[in-house]
Amino acid sequence: SLGTCLEDAAFAKYWKEWSQTGTPRCAYHFFKNDYGSADQAKFFVACVNKAGGIKAGDKLCIDVEDAVSESGYSISAIIDFLYNVQVLTGIATADLMIYSRADIMNPLSFSKLTQAQKDYLLQIPTWPAGYPDDPNPYDFSDLKGFYQFDFLKYGKCVLVQYAASVVILGIANADAQGTECNVA
């Protein structure tokens, strides 16, 4: 889902198709701090349910990409969104995910968070938005600071994204284009 009132027209089609492959899926919501976190959580969950719902192994992700100066992001709103998604769906905390970058997440203020909020946040896996120069050998501890956000604040990185012109067995590249790989 895009913002609080826009939905990617292709989402339902792909969500259903991926379900048939048995491959783990992740739906993500492009978060806008000025729309209200509870309303966005309701809209996001409604989009996923309309597309066929959640199956075991699926992940639900908040996509935090607007520049901090433009968005006025607060870590409390991000936590509130994730908590509302979890309440509405009943999924485990480990099946939530945060997609963002270090330069967006690290400056957020934790001063008003309770210890319970901090502990909750540390249980949610992260997926840094960015493309490491060398994706091999997938050493998450070695990602450049621009990508991976502070693991003491945000918990462990579980997914890395990179782009390369590679051939992946079982995946046909259209017109010999590069394949974007999301590597667990």
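Colleague: What makes strand 3 count as mostly covered?
Modeller: In this predicted model, five of the five residues of strand 3 are buried, a word that means under 20% relative accessible area, with exposed meaning over 50% and partly exposed lying in between, for a 1.4 Å probe and protein chains only. The two faces tell the story in detail: Leu 96, Ile 98 and Ser 100 are buried on one side, and Met 97 and Tyr 99 are buried on the other. Helices and strands here are DSSP runs numbered from the N terminus, a helix being H or I over at least four residues and a strand being E over at least two.

Colleague: How should I read the numbering and the model's limits?
Modeller: Residues are numbered from 1 along each chain as its sequence is written, and side-chain values use heavy atoms, leaving out hydrogens and water. As the model is predicted, local features need pLDDT of at least 70 and side-chain atom pairs count only at pLDDT 80 or more, whereas totals for chains, interfaces and linings use all residues.

Colleague: Why is Thr 126 called buried?
Modeller: Its relative accessible area is 1%, and the limit for the buried class is the one given above, so Thr 126 belongs in that class. Thr 126 sits in strand 4, and, leaving aside neighbours within four places in sequence, its contacts (heavy atoms within 4.5 Å) include Met 97, Ile 98, Phe 149 and Tyr 154.

Colleague: What order do the four strands of the open sheet have, and how do they pair?
Modeller: The order is 1-2-3-4 with parallel pairing, where two strands pair if DSSP finds at least two bridges between them. Strand 1 (26–30) and strand 4 stand at the edges with a single partner strand each, so one side of each has no neighbour in the sheet. From one strand to the next, the twist averages 25°.

Colleague: How do you know that strand 1 and strand 2 pair?
Modeller: Five bridges join strand 1 to strand 2 (residues 59–63), and because the rule asks for at least two, the pairing holds. Among the bridge partners are Ala 27 and Leu 60 of strand 2. Helix 2 (residues 37–50) packs on the sheet and touches both of these strands, its direction making about 145° with that of strand 1; such axes are lines fitted to C-alpha atoms, for helices over the stretch in contact, and the angles run from 0 to 180 degrees between N-to-C directions.

Colleague: How many bridges join strand 3 to strand 4?
Modeller: Three bridges join these parallel strands, with Pro 128 of strand 4 as the bridge partner of Ser 100. On the other flank, four bridges join strand 2 to strand 3, where Leu 96 is the bridge partner of Leu 60.

Colleague: Why is the pair of Tyr 99 and Trp 127 called edge-to-face?
Modeller: The structure holds eight aromatic pairs. For Tyr 99 and Trp 127 the centres are 4.5 Å apart and the planes make 70°; rings of Phe, Tyr and Trp (its six-membered ring) pair if their centres lie within 6.5 Å, and planes under 30 degrees apart count as stacked, over 60 as edge-to-face and the rest as tilted, so this pair is edge-to-face. The pair links distant parts of the chain, Tyr 99 being in strand 3 (residues 96–100) and Trp 127 in strand 4 (residues 126–128), 28 residues apart. Both residues are buried, and ring pairs join them with Tyr 28 into a cluster.

Colleague: What makes Lys 59 and Asp 95 a salt bridge?
Modeller: Their closest N and O atoms are 2.8 Å apart, and a salt bridge is a side-chain nitrogen of Lys or Arg within 4 Å of a carboxyl oxygen of Asp or Glu, so the pair qualifies. This pair links distant parts of the chain, with Lys 59 in strand 2 and Asp 95 in the loop between helix 4 (75–89) and strand 3, 36 residues apart. At 25% relative accessibility, Lys 59 is partly exposed. By this rule the count comes to five salt bridges.

Colleague: Why are Glu 17 and Lys 13 separated by about one helical turn?
Modeller: They are four residues apart in helix 1 (residues 11–21), which means a separation of about one helical turn. Glu 17 forms a salt bridge with Lys 13, the closest N and O atoms being 2.8 Å apart. Glu 17, at 36%, is partly exposed, and Lys 13, at 46%, is partly exposed.
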